[in-house]
Amino acid sequence: MWIGTWVSQSGFTRAFCALVSPQRAVRQRAAILLGVVPVATNAALAPAEKTLLGHPRGLFILFFAEMWERFSYYGMRALLILYLTKHWLFSDGDASLTYGAYTSLVYITPVLGGYLADRYLGQRKAVLFGGIVIAIGHFLMTFEGSGGQGDPTISIFWLALAFIIVGTGFLKGNISVIVGKLYPRTDVRRDGAYTIFYMGINLGSFIGVLIAGYLGEVYGWKYGFGAAGVGMLLGLVVFVLGKPLLMGRAEPPSVEALSRRVAGVPVEYIIYALSLASIGLIWALVQFQEVVGTLLLVSGLALLGYILYIAHMKLTREERHRIYAIAFLLLLQPLFWGLFEQHGAGLTLFTDRYVDRNILGFEVPASLFNSVNAAFIILLAPLFAWLWTSLGRRGMEPSTPAKFGLALVQIGFSFLVLVWGTQAAGIENATPVIYIFLLYLLATTGELCLSPVGLSAMNRLAPWHMAGLIMGAWFFATAGGNFMAGIISAAAGAENAENGGGKELYLQVWTTVGWIAVGIGVLVLVVAPLVKKLMHLDTLRDDERMAGEAELAEPIAPSPNTKGETVRGEA
């Protein structure tokens, strides 16, 4: 059973203070007061054998830790574009490029953070270090200054973004790795575990946007960012208290290697020091967005070229064909995420300025609409999981390339629906809010056709010895999409409009990219059978060392189950 929530009758403050007690009994009581540790009803059971809802108790520690971390990330993200334009007085274009650079770097750094965790730190230490760095970043965001780009306090703002980027690199992928480590590779509960974990991600996103967004827009930016910081601290509290329930599954691979001294300093401390020093580099990069874009393009093309080179020189014919299929899917990612991430950039500005946000007599702050995607995910993810399974049993499940095509068609139409609805209501009138909800609905169904399916495809198609490389390419492609989102949003910036036609410019840009996405999506549907043949699903066999299975936690998605695709189902 669970006792209470993190606010108990004895008070959160007293419980939190008890965490630092060296006495195990006191710490356990504090954990119970915080509502983060389930109390076993059978004290005779060994800790490793206790379960909750049929799953290891450690899963629920990770559920709540990730829930609070996503609370902090998405709460801050919902406010970022508005904070840049209204407080620091950035132009729409500069604010959009900053947003794109920030979110793209958030997706790149986990590649290095995952490597350091696998090689040296272990996932638990990496997550703990990352969480601390993220929390510092969020609290640095509360230093507002007087506003405007001439305010020297803006340097603290850039530093805050750099802290969050580096910290996310250590936490983002590694906490999902721990989920998989709680189960044997053949455990049938694994899919269910990831589904529960994803619900934590989306619940945190939903609540974080509502609370941080509301506080930030209504009471002041610092309160919204402060709430995000508190959320990250709560995640750390949950994670620290829950360490025994992780059963030692996420510890360093070699204690000796980690404690080895170089120039008298343990390797572990050197890693921490260098990571903190890298914040200075990120601090500079996030201010020069064009450099970030160039680095993403050059390094992304180099990575793709290297993958294709290995495929051509070192792999068997069938493995090489599967890499070609992977490359095809990766190249579609930037377009999808470039449109999807408009939610936190141009779409938030459009909603703030041109949408009738009055719902039941209450004017909803624009940032709060970022919670709609998470709400739809929570509602629709089980439906899609059932849908793919049901279609698979009937031999009607679309192939992975076909699902990507459907995703692009849906994300394209999501913006076209908003354009058509705005035009129908009249350009001079406020856009009815129903079209914002319809946009989020179509974008979410598109996401459910691409994100979990794509990750599952990377898992199944990548040769084991290329697992890390392929997942790195997946994150690079996602990062490229985030940066593209900044470029698209910047193109629709008010400063580019003639005669004050800012609203019309948004509609023009979204019409163009919307039809491009729909057209490419239709083309993908046409060639999907050919790409499916390259996947050689008829000869694919399960490998207990499934490539990239640990990275299945982001972007927001339900637990994928495309096993039927290896047996039957046409595009």
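Pro252 is in contact with Tyr120, Leu121, Gly122, Lys125 and Leu258, leaving aside its neighbours within four places in sequence. The model in which these contacts are found is a predicted one. Pro252 sits in the loop between helix H9 (221–241) and helix H10 (255–259). One of its partners, Leu121, is 131 residues away from Pro252 in sequence, yet the two C-alpha atoms are 4.9 Å apart in space. Pro252 has a relative accessibility of 15%, so it counts as buried, the cut-off for that word being under 20%.

Tyr120 and Leu121 lead on to a pair of helices. Both residues belong to helix H4, and both take part in its contact with helix H11. Two packed helices are described by the angle between their axes and the distance between the axes. For H4 (residues 92–121) and H11 (residues 267–285), the axes come within 12 Å and cross at roughly 170 degrees. H4 is therefore roughly antiparallel to H11, as angles over 145 degrees are given that description. On the H4 side the contact is made by Leu105, Leu116, Tyr120 and Leu121, and on the H11 side by Val267, Glu268, Ile271, Tyr272 and Ile282. Of these residues, eight are nonpolar, none is polar and one is charged.

Charged residues can also be followed through the salt bridges. The structure holds ten of them. One joins the side chains of Glu66 and Arg70, with a distance of 3.9 Å from N to O. Glu66 and Arg70 both lie in helix H3 (residues 57–86), where they are four residues apart, about one turn of the helix. Both of these residues are buried. Arg70 has a second partner, Glu69, and in this salt bridge the N to O distance is 2.6 Å. Glu69 has a relative accessible area of 1%, so it is buried. For Arg70 the relative accessible area is 0%, and it is therefore buried as well.

Another salt bridge links Glu397 with Lys403, whose closest N and O atoms are 2.7 Å apart. Glu397 is at 2% relative accessibility and so counts as buried. Lys403 is at 0% and therefore counts as buried too. Returning to helix H3, the salt bridges there share partners and join Glu66, Glu69 and Arg70 into one network.

Glu69 also gives a way into helix H5. Gly131 and Glu69 are 62 residues apart in sequence, while their C-alpha atoms are 7.8 Å apart in space. Gly131 lies in helix H5 (residues 123–140). With a relative accessibility of 0%, Gly131 counts as buried. Leaving aside its neighbours within four places in sequence, Gly131 is in contact with Leu171, Met232 and Leu236.

A further buried position is Gln410, in helix H16 (residues 400–425). Its relative accessible area is 18%, so Gln410 is buried, the limit being under 20%. Apart from neighbours within four places in sequence, Gln410 is in contact with Leu442, Thr445, Gly446 and Cys449.

Burial can also be followed along whole helices. Which residues of helix H14 are buried? They are Gly346, Leu347, Thr348, Leu349, Phe350, Thr351 and Asp352. H14 runs over residues 346–354, and seven of its nine residues are buried, so the helix is largely enclosed by the rest of the structure. Helix H7 (residues 174–181) is mostly covered, with seven of its eight residues buried. In H7 the buried residues are Asn174, Ile175, Ser176, Val177, Ile178, Val179 and Gly180.

These places can now be set within the whole chain. The chain has 19 helices and eight strands. Of its 571 residues, 59% count as buried. Among contacts with a separation of 6 or more, residues 24 or more positions apart account for 84%. The chain exposes about 22,900 Å², and carbon and sulfur atoms supply 65% of that area.

Notes
Residues numbered from 1 in each chain as written. Predicted model: local features only at pLDDT ≥ 70, side-chain atom pairs only at ≥ 80, totals over all residues. Heavy atoms only, no water. Axes fitted to C-alpha atoms, helices over the stretch in contact; angles between N-to-C directions. Helix = DSSP H or I, 4+ residues; strand = E, 2+ residues; numbered from the N terminus. Parallel < 35°, antiparallel > 145°, perpendicular 65-115°, else oblique. Contact = heavy atoms within 4.5 Å. Nonpolar A, V, L, I, M, F, W, Y, C, P; charged D, E, K, R; others polar. Salt bridge = Lys/Arg side-chain N within 4 Å of Asp/Glu carboxyl O. Buried < 20%, exposed > 50% of the residue type's maximum accessible area, 1.4 Å probe, protein only. Areas by Shrake-Rupley, 256 points an atom, 1.4 Å probe, with all protein chains shown as cover.
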